[in-house]
Amino acid sequence: MANDITANGYQQLAQRTSPDGHDRILNGVLGLAGEAGECADLVKKALFQGHELDRDHLIDELSDVAWYIAETATGLGVSLSEILNHNIEKLKRRYPDGFDPERSIHREENENA
């Protein structure tokens with residue numbers, strides 16, 4: 001297993017394999033959709049088609065998801081740390097005392113999804 005890496009360190013290293021001269025946002029979001037679908041397909045096969053869950057394959061696909069998140073973040077001109085911190089702050093506002101099914105069901109209309 002590799003050494004621990006920071007989010008921003010990962011983003012910088014991942015960009016070594018991003019081709020120059022393309023739309024990183026478009027490449028990122030389309031890649032995310034494809035890789036998330038591959039993750040879902042592995043779980044679907046395990047749940048409904050009698051396959052064993054291929055943990056290593058799922059980890060491999062999740063690493064591709066991470067690459068496309070880094071790609072999109074770079075295209076937006078933000079760091080992965082900014083995105084991760086943004087999500088934590090949103091979750092703190094949404095669920096100040098931890099996850100609550102009632103708060104999930106009855107979210108305010110103007111709250112982001």
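**View 1. Where helix 1 meets helix 4 in this predicted model.** A7, N8, Y10 and Q11 of helix 1 touch L80, S81 and L84 of helix 4, contact being heavy atoms within 4.5 Å. Helix 1 covers residues 7-14 and helix 4 residues 80-94; helices here are DSSP runs (H or I, at least four residues), numbered from the N terminus. Their axes come within 7 Å and cross at roughly 135 degrees, the axes being lines fitted to C-alpha atoms over the stretch in contact, with angles from 0 to 180 degrees between N-to-C directions. That makes the pair oblique, the label for whatever isn't under 35 degrees (roughly parallel), over 145 (roughly antiparallel) or 65 to 115 (roughly perpendicular).

**View 2. Helix 1 against helix 3.** This pair packs at about 85 degrees with axes 9 Å apart, so helix 1 sits roughly perpendicular to helix 3. Y10, Q11 and A14 of helix 1 meet S63, A66, W67, A70, A73 and T74 of helix 3.

**View 3. The largest nonpolar core.** Six residues build it: A14, W67, Y68, A70, A73 and L80. Such a core is a set of buried Ala, Val, Leu, Ile, Met, Phe, Trp, Tyr and Cys residues joined through side-chain atoms within 4.5 Å, with buried meaning under 20% relative accessible area (1.4 Å probe, protein chains only). Helix 3 (residues 55-76) chips in the most, four residues. Beyond its neighbours within four places in sequence, A14 contacts W67 and A70.

**Notes.** Residues are numbered from 1 along each chain as its sequence is written. Local features need pLDDT of at least 70, side-chain atom pairs count only at pLDDT 80 or more, totals for chains, interfaces and linings use all residues, and side-chain values use heavy atoms, leaving out hydrogens and water.

How values were computed
Buried < 20%, exposed > 50% of the residue type's maximum accessible area, 1.4 Å probe, protein only. Helix = DSSP H or I, 4+ residues; strand = E, 2+ residues; numbered from the N terminus.
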